[in-house]
Each structure stands twice: as C-alpha cells, then as structure tokens.
Amino acid sequence: MRVGLLGGTFDPIHLGHLAAAATAAGCAELDSVLLVPAGRPPHKGDALASVEHRLAMCRLAAAELPGLGVWDWEARRSGPSYTVDTLEAFHAQRPDDEPYLILGWDAARDLPKWHRPADVLALARLVIVGRPGMSEPREDDLRSAGIDPRRATLCLGPTPDVAATRIRDLAGGGESLAGLVPPAIETYIRANRLYDGPRETA
C-alpha cells in the first residue's frame with residue numbers, strides 16, 4: 001500500500017492540514033494517509049495542548065474523512081520527534097507498505113537542515129503540497145533542496161491559509177473557529193478549554 005505520512009504538532013489540527021492530506025491522497029494516488037502528531041517537536045517550542053489532547057483531536061478529525069487515520073508512534077516515544085526515526089519505525093512495523101512523506105514546500109525546501117536528510121530521502125518518497133503565498137517549486141528548486149525530482153510528486157493545488165496560532169488566539173478570546181477547524185474540533189477545544197488565557201482566581 002502507498003501510505004502518506006503527514007506529521008505536525010497539530011496544536012490544533014485544522015482545515016489546512018486536512019486539505020493537505022486530501023490533496024496529497026488524490027494527487028499521489030495514496031491508499032491512505034496517517035496523521036502523525038509529534039510528541040516533542042525538535043524545532044519548535046512545547047505545544048500548548050498536551051499530546052493526549054492533540055491525539056484526541058486528530059482522531060476526531062480522521063473519523064470524519066475516509067482513508068485518513070492516526071499513527072501515535074511519535075506521540076508515545078520519549079525525546080524529540082525526528083522524521084528519520086519515524087520513517088525507520090514505519091519500515092520496521094509495516095515492511096510491505098511504501099511511505100510517502102507529505103510536506104508543504106516551506107518545509108521541503110529546508111530538508112538539508114533536517115536531522116539525517118539523506119536518510120529521510122532514501123526512506124520515503126515525497127509528496128509536496130502547495131502553501132498559500134508561496135511560488136510553486138520547479139525541478140531546479142527541488143534539486144537546490146537536495147531533492148531528486150524523480151522521488152517527489154508535486155501536488156500544488158491551493159490549500160486554505162489557516163494558522164494554528166490564529167486559531168489559538170481566537171479560541172482564547174472565545175471567538176468562533178468556523179471555517180478554520182471542523183465543528184467536532186471546535187467543540188473539543190471549548191469543552192476542554194485548551195487555549196483559554198490565564199484566569200484570575202477569587
């Protein structure tokens with residue numbers, strides 16, 4: 001099977017993530033896509049929501065879309081979540097499946113700065129999705145990022161311009177998240193007060 005892997009902090013998961021998954025699945029003819037929430041992202045600060053909440057939100061989102069699932073390997077391990085470790089674990093657990101790493105072009109062009117980038121590229125084919133406000137990469141751009149164009153599928157249709165930072169700010173202010181996250185995710189965020197600001201105590 002051709003399995004797409006879409007990693008991220010997912011703090012929270014939003015419609016931009018889901019559009020990227022759907023675009024990649026259709027464009028690259030993937031059999032399924034797995035959301036892979038990071039336990040401890042190596043290049044970002046700590047997530048505001050706990051890994052348990054982020055996993056729960058991913059599972060809620062995946063339940064609404066055919067062919068979308070969640071793989072909790074990164075969330076369960078200790079230490080930083082390096083993509084190369086995730087891909088090695090995928091090959092060990094699912095040797096008959098072929099992984100396709102789904103990346104926005106903003107992330108893909110920074111591949112040379114990743115941990116063991118050559119191994120990442122050897123372990124998975126890439127599916128590169130378009131990012132709002134970014135020009136589409138050409139083959140020369142891929143080569144400049146150390147990517148063999150023959151090992152990458154470009155899926156550059158438009159995806160929504162949604163930022164998790166804005167969602168957290170809106171949620172903290174009690175404002176609507178309509179058009180940014182699925183309704184089930186907004187309900188979960190509200191019920192668990194995930195991004196509420198500090199409150200005064202009596």
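Start by selecting aspartate 106: at 26% relative accessibility, this residue counts as partly exposed. Keep in mind as you look around that this is a predicted model.

**Across to arginine 131**

Now add arginine 131 to your selection. The two residues form a salt bridge, and their closest N and O atoms are 3.2 Å apart. Which parts does this pair tie together? Aspartate 106 belongs to helix H5 (residues 105–108), while arginine 131 sits in the loop between S5 and helix H7 (139–144), so the bridge links parts that are 25 residues apart in sequence. Color by accessibility if you like: arginine 131 is partly exposed too, with a relative accessible area of 36%.

**More charged pairs**

This bridge is one of 15 salt bridges found in a search of the whole structure. Side chains of opposite charge can pair when their charged atoms come close.

Next, go to aspartate 148 and arginine 150. Their closest N and O atoms lie 3.0 Å apart in a salt bridge. Is each partner exposed or partly exposed? Aspartate 148 is partly exposed, at a relative accessible area of 29%, whereas arginine 150 is exposed, at 69%.

Then move along to arginine 193 and aspartate 196, a salt bridge with its closest N and O atoms 2.8 Å apart. Arginine 193 has 47% relative accessibility and counts as partly exposed; aspartate 196, with a relative accessible area of 28%, is also partly exposed. For a group of three, select Arg59, Asp72 and Arg76, which are joined into one network by salt bridges that share partners.

**Into the nonpolar core**

Time to leave the charged pairs. In soluble globular proteins, nonpolar side chains tend to be buried together.

Select Ile13, Met57, Ile102 and Ile189. In the largest nonpolar core, which has 34 residues, these four touch the most other members. To see where the core draws its residues from, show these elements, each of which gives two or more:

- helices H1 (15–27), H2 (51–63), H8 (164–172) and H9 (183–192)
- strands S2 (32–37), S4 (98–104) and S5 (125–129)

Zoom in on isoleucine 189. What does this residue touch, leaving aside residues up to four places away in sequence? The contacts are Pro12, Met57, Ala171, Leu177, Leu194 and Tyr195. Met57 is thus a name you have met already, as one of the core members listed above.

**Last stop**

Finally, select Val3, Trp73, Leu103 and Ala152. These residues are among the 25 in a second, separate core.

Notes:
Residues numbered from 1 in each chain as written. Predicted model: local features only at pLDDT ≥ 70, side-chain atom pairs only at ≥ 80, totals over all residues. Heavy atoms only, no water. Core = buried A, V, L, I, M, F, W, Y, C linked by side-chain atoms within 4.5 Å. Buried < 20%, exposed > 50% of the residue type's maximum accessible area, 1.4 Å probe, protein only. Helix = DSSP H or I, 4+ residues; strand = E, 2+ residues; numbered from the N terminus. Contact = heavy atoms within 4.5 Å. Salt bridge = Lys/Arg side-chain N within 4 Å of Asp/Glu carboxyl O.
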